[in-house]
Amino acid sequence: MAPQRKMIVFPTKNELSEAMAEYTANLSAKFIKEKGLFTVVLSGGDQIDWLCKLVQPPYIDSIEWSKWHVFWVDERVCAWEDPDSNYKLAMEGFLSKVPIPDKNIYAIDKHLAADGNAEHCATLYEECLKNLVKEKIIPISKKTGYPEFDLQLLGMGPDGHMASLFPNHPQINEKQKWVTYITDSPKPPPKRITFTLPVINSTLYNLMAICDKAPAKSVAEIMKHNNLSLPSAHLSAQVENVWYLDQAAASEL
């Protein structure tokens, strides 16, 4: 049985950001102590801004960055240098400021992304994950049979989408693949790759962080009515499914 959705509302974005840093740092310490490494999955958008507290004291010097392995829950199929690239966003805002080894950062294939081949990018990213399962970096969940990451940091769009799983699109129903692709994303750019829902939900700790007024209606639809037409309503986790909201995002509750 998946754990219940847990919700915490913060007075300000800054306090949400501080809580996110503390949550991430605590899990980093826990998993590195237990198994010698920490697998963390990033998304795009404002998530990277909210992680900025991790590059400040006390975290910057206390986290064992060399034990981190970093992934993306979804990625825009574009050149790494493109302003739309989640890799570029994460690299400039966070990853370039912490000493995580380059080999532990698993980005979309640079050449295929620049070529715009979404299907091939998804296939190759799934192959990358399967190789890391063989190398014992990522375990397979005994409960689900899908790869099991330690922590995933997610956001939700105003339409209720998460990762690149959008309302009224078939990718949410994919159960065979670990990574799938979309070529008609309603939010530009149209070509993306994304973890499938079973992979997202096999993560041990899922933290969904939502700020601002725009997603407030979707937050209410999920929290009050569990409206399953919104992909984010399907989010669960193996250990904890926690939603961090600021006051604006919680304003319709």
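Helices here are DSSP runs of H or I with at least four residues, numbered from the N terminus. That numbering gives names such as H6, a helix spanning residues 118–134. The model is predicted.

**The annotated region**

The UniProt record, an unreviewed entry, carries the annotation "domain: Glucosamine/galactosamine-6-phosphate isomerase" for residues 12–241. Across residues 12–241, helix makes up 33% of the chain and strand 14%. The C-alpha atoms at the two ends of this stretch sit 21 Å apart.

**Two pockets**

| Pocket | Volume | Lining residues by class |
|---|---|---|
| Largest | about 460 Å³ | 12 nonpolar, eight polar, seven charged |
| Second largest | about 240 Å³ | 10 nonpolar, no polar, three charged |

**The largest pocket**

The largest pocket has a volume of about 460 Å³. Its lining holds 27 residues. Closest to the centre are Gly44, Gly45, Asp46, Met156 and Lys187. Which elements give two or more residues to this lining? They are two helices, H2 (47–50) and H4 (86–93), and two strands, S4 (74–76) and S8 (205–210).

**The second largest pocket**

Here 13 residues form the lining. Trp80, Ile105, Tyr106, Ala107 and Ile108 lie nearest the centre. Helices H4 and H6 each give two or more residues to this lining. Which element supplies the largest share? That is H6, with three residues. No polar residues appear in this lining.

**A shared helix**

H4 turns up in both descriptions. It gives two or more residues to the lining of the largest pocket, and H4 also gives two or more to that of the second largest.

Definitions and conventions: Residues are numbered from 1 along each chain as its sequence is written. This is a predicted model: local features need pLDDT of at least 70, side-chain atom pairs count only at pLDDT 80 or more; totals for chains, interfaces and linings use all residues. Side-chain values use heavy atoms; hydrogens and water are left out. On a 1 Å grid over the protein atoms alone, a cavity is a set of points where a 1.4 Å probe fits but cannot get out, and a pocket is an open set with protein on both sides within 12 Å along at least five of seven lines; lining residues have an atom within 4 Å of a point. Grid points are joined across faces, edges and corners, and a volume is the space filled by probe spheres set on the points. Ala, Val, Leu, Ile, Met, Phe, Trp, Tyr, Cys and Pro count as nonpolar, Asp, Glu, Lys and Arg as charged, and the others, Gly among them, as polar. UniProt positions are given in the numbering used here, feature names are shortened, and annotations may be inferred rather than shown by experiment.
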